[in-house]
Every structure is written in structure tokens, then in C-alpha cells.
Amino acid sequence: YITLPINCRLYDKSKTKLVIAAEMIEEVMPELRDYQVIVLCDAWYTKKPFLSRILAFDNLDVIGAVRVDTAVYDLAPEPTGKRGRPAKKGKRIDYKDLNYTEHGDFKIANLKCLTNLISEAVYATFTTTNTDTFSSVRLYISTIPLETIRSFSVKMPDGLEMNHKPLLTNVFSVFRMRWQVEVMFYQQKTFWSFGNIW
């Protein structure tokens, strides 16, 4: 992956960061209409005002960190046939009750669920370093099924090999690519003087 800055704004407090970020995405999306676009973002941005604007684009999905205390629910139960409005969500999920598998230094649990952030079901991943004490718990959500991410299905031409290990196809692995954005910010501040105040 090559990280290229294609849109930059200096924050001047005239708009919130959520509005500025949504506007920047809206500006570049017409140029990306023929591509699968996945926005990787931290928990600052995975909020309704941001998500509701950018998810209006059919070819755009989000993989992001969210606050670990975000309410997560089972999918809506089947209609019971009884009178009254059917439930829109299942019971609330406690991350301590999930089945975790080991992935390197982390224990990971994956599930399809509902949240209050958007109306559609999402793919959630909980990570922790210890399932006894549940220390360092993190929650990530994806609006796209991982098997439909085209980057995972790219095949090298015959005779050529990838120069790195293939990504594990889980939300956490994809989200970790976002770290390159932090590296880009550091480079801009250090070498392009974006950190200076004019």
C-alpha cells in the first residue's frame, strides 16, 4: 500500500472535525466512483454525524475503532407472530461472554451485530490481551463483509511473489493498516513543516 495525501485542511475551529472530515471525503468521492472505498478511522470519527454523511455513497464502507462501551446488540429476532411492533434489535451483547480465539498477542472475537451508530448490521471485532481480566479491550466495526474486500483477492502474476505476509482477514488486521496514516502525519509535520504555526 502506498499512502498519498490527496486532501488536507488546517483546522481553524470554524467547523467541527467531524464535519471537516465528512466534507473532505465528499469532495474526493466523485473521483473514486469506480473504486471500492474503505474509510479507516479511529474512535473520534465513528459517530453518527460523520457516518451518516459518508455512508450515503454506495461504493464507500467504513472500518473503524469505536468506544468499547458502545452498545452492541444481537441481530433482530424473527417475528413471533404476536401483536405489536417486532423488535428491531436482539439482546445487548456483553463482550465478556463471547468466544475468543488467539491471534498473536491478542485474543479476538468476531460477530455480526447491530449498534446505535447506524441502522444496518455491522461486523464487530473485540480484542483483548487477557480474557481473564479483560485488560486493554478494544472494539472495531466494519460495514463491509471482509470476504468482499477486493484487496484480499488480488493475485500476483505467475512467477511473482508477494514481498510480505498476507493479511489476516479480520477487522482488526485491516484497521491496523491505518497506522500508515499516523506515519504520514508525522512526516508532514516533520518534513513539510505542517506542524508550524503561521
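Let's start with lysine 15, which is partly exposed at 38% relative accessibility. Its partner is glutamate 23: the two form a salt bridge, and the closest N and O atoms are 3.0 Å apart. Is glutamate 23 buried or exposed? Glutamate 23 is buried, with a relative accessible area of 17%. The cut-off for buried is under 20%, so glutamate 23 falls in that class. Please keep in mind, friends, that this is a predicted model.

How many salt bridges does the structure hold? The count is 3, so let me take you through the other partners.

Next comes glutamate 26, which pairs with arginine 53 in a salt bridge whose closest N and O atoms are 2.7 Å apart. Why might you want to look at this pair? Glutamate 26 sits in helix H1, residues 17-28, while arginine 53 sits in helix H2, residues 48-54, so the salt bridge ties together parts that are 27 residues apart in sequence. As for accessibility, glutamate 26 is partly exposed at 27%, and arginine 53 is partly exposed as well, at 31%.

Then we have arginine 67 and aspartate 69, again a salt bridge, with the closest N and O atoms 2.7 Å apart. Arginine 67 counts as exposed, with 53% relative accessibility. Aspartate 69 is partly exposed, at 45%.

Staying with charge for a moment, please find Lys48, Arg85, Lys88 and Lys89 on your screens. Together they form a positive surface patch. Where does lysine 89 lie? You will find lysine 89 in the loop between strand E3 (72-73) and strand E4 (101-103). Its relative accessible area is 31%, which makes lysine 89 partly exposed. Patch members need over 30%, so lysine 89 qualifies on that count.

Let me step back to the whole chain. The secondary structure comes to 4 helices and 7 strands. Reading along the sequence, you meet them in the pattern α-β-α-β-β-β-β-β-β-α-α. The protein chain has 198 residues, and buried residues make up 33% of them.

Now for the inside. In soluble globular proteins, nonpolar side chains tend to be buried together. Here, the largest nonpolar core has 30 residues, and those with the most contacts inside it are Val39, Phe50, Ile54, Leu60 and Phe126. Which elements give two or more residues to this core? They are H1, strand E1 (37-41), H2, strand E2 (60-66), strand E5 (106-115), strand E6 (122-128) and strand E7 (138-142). H1 gives the most, with 4 residues.

That brings us back to helix H1 and to valine 19, which is found there. Valine 19 is partly exposed, with a relative accessible area of 28%. The cut-off for buried is under 20%, so valine 19 does not count as buried. Valine 19 and phenylalanine 50 are 31 residues apart in sequence, yet their C-alpha atoms are 6.8 Å apart in space. Phe50, you may recall, is among the residues with the most contacts inside the core.

One last pair for you to find. Asparagine 110 lies in strand E5 and is partly exposed at 47% relative accessibility. The C-alpha atoms of asparagine 110 and alanine 124 are separated by 5.7 Å, although these residues are 14 apart along the chain.

Thanks, everyone, and I'm happy to take questions.

Terms used. Residues are numbered from 1 along each chain as its sequence is written. This is a predicted model: local features need pLDDT of at least 70, side-chain atom pairs count only at pLDDT 80 or more; totals for chains, interfaces and linings use all residues. Side-chain values use heavy atoms; hydrogens and water are left out. Patches are made of residues with over 30% relative accessible area and no salt bridge: like charges are joined within 9 Å, nonpolar side chains (Val, Leu, Ile, Met, Phe, Trp, Tyr) within 5 Å. Accessible areas come from the Shrake-Rupley method with a 1.4 Å probe; for residues, only the protein chains shown count as cover. A salt bridge is a side-chain nitrogen of Lys or Arg within 4 Å of a carboxyl oxygen of Asp or Glu. Lys and Arg count as positive and Asp and Glu as negative; His and the chain ends are not counted. The place of a charge is taken as NZ of Lys, CZ of Arg, CG of Asp or CD of Glu. Buried means under 20% relative accessible area, exposed over 50%, partly exposed in between (1.4 Å probe, protein chains only). A nonpolar core is a set of buried Ala, Val, Leu, Ile, Met, Phe, Trp, Tyr and Cys residues joined through side-chain atoms within 4.5 Å.
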